[in-house]
Amino acid sequence: MFEQITKVSKGKKIVMFLDYDGTLSPIVDNPDAAYMSDAMRATVRSLASYFPTAIVTGRCIDKVYSFVQLAELYYAGSHGMDIKGPESKKDRENIVFQPAKEFLPMIEEVYKILVVKTSSTPGVLVENNKFCVSVHFRCVDDKKWEKLAKRVASVLEEYPKLRLTHGRKVLEVRPAIAWDKGKALNFLLQSLGYANSNTVCPVYIGDDKTDEDAFKVLKESGQGFGIVVSKVPKDTHATYSLQEPSEVMHFLHRLVEWKRQPHKGSQETRRR
């Protein structure tokens, strides 16, 4: 996998896209405790010094930034519906794109309703991710999953402009617009000046169903690579797979070292 990616990317600009939960951090019972290790943060920081790097996540930007704490990255939160570029000293709120801004009041309203409607289900956690609402049921008794899903769906009957999707033990309520992580990937490539370019090699790493939209974009374009993070075989549009975040970190570290080699060689040549 690594050799094939580096072979294809020679002479091209690699752009990295990384999911957060289950990719840069382990999946945990409490989403608020999905901390990134210092080693992973250092690896991603090194990665971003060589390649444009974006975090593409279902989390809201503020939440994922509190975990990652790297201002030099691009962030696409709420499944790509809230995109911002690297922070500059002049403008800490460098918002790039918010295609679902008009839905903010509705999402806030539904969040409050779902908190009340699901409060009787032990273990449920409702998370406001700004442009979407996540109903986590990882800690809910599996016998109550179906009833919980029906309860969430019943709330949305009053909100036809919202839709319900499923992730890894999470129900996602988001605007019913033609926007997803694949669209966010294309938008970021365009913002970086690589729209319809044959000089770029996008690499997207993720573990969730929502990442499949990005994998599909890469597969259909015949450009770049999708890498799914999973311990078990699954149907996917990704080209390759890694089993867990530790393998993701190892892959990213190898990519950094590969990129550093030419620089080391040129430095040695200059010394001679």
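Is Asp82 buried or exposed, and what is its relative accessible area? In this predicted model, Asp82 is buried, with a relative accessible area of 2%. Its carboxylate nevertheless has a charged partner, for Asp82 forms a salt bridge with Lys130, and the closest N and O atoms of the two side chains are 3.5 Å apart. Asp82 belongs to strand β4 (residues 82-84), while Lys130 sits in the loop between β6 (125-128) and β7 (133-136), so the contact ties together parts that are 48 residues apart in sequence. The two ends of this pair fall into separate accessibility classes: Lys130 counts as partly exposed at 34% relative accessibility, whereas Asp82, at 2%, is buried.

Other salt bridges are formed within a single helix. In helix α4 (residues 104-117), Glu108 and Lys112 lie four residues apart, about one turn of the helix, and they form a salt bridge whose closest N and O atoms are 3.9 Å apart. That distance still counts, because the cut-off for a salt bridge is 4 Å. Within this pair, Glu108 is partly exposed, with a relative accessible area of 32%, and Lys112 is exposed, with a relative accessible area of 51%; the label for Lys112 follows because exposed means over 50%.

Helix α8 (residues 245-271) offers a further case, in which Arg260 and Glu257 are three residues apart and thus separated by about one helical turn. Here the salt bridge between Arg260 and Glu257 has its closest N and O atoms 2.6 Å apart, and Arg260 counts as partly exposed at 26% relative accessibility.

Salt bridges can also join into a network, as they do for Asp19, Lys181 and Asp211, which are linked in this way. For the model as a whole, the count comes to 13 salt bridges.

The cysteines give another kind of result, since the count of disulfides comes to zero. Cys60 is in no disulfide, and the nearest cysteine sulfur, that of Cys132, is 8.5 Å away; because a disulfide requires two cysteine sulfur atoms within 2.5 Å, this separation does not qualify. Seen from the other side, Cys132 is likewise in no disulfide, its nearest cysteine sulfur being that of Cys60 at 8.5 Å. As for their surroundings, Cys60 counts as buried at 14% relative accessibility, and Cys132 is buried as well, with a relative accessible area of 0%.

Terms used
Residues numbered from 1 in each chain as written. Predicted model: local features only at pLDDT ≥ 70, side-chain atom pairs only at ≥ 80, totals over all residues. Heavy atoms only, no water. Helix = DSSP H or I, 4+ residues; strand = E, 2+ residues; numbered from the N terminus. Buried < 20%, exposed > 50% of the residue type's maximum accessible area, 1.4 Å probe, protein only.
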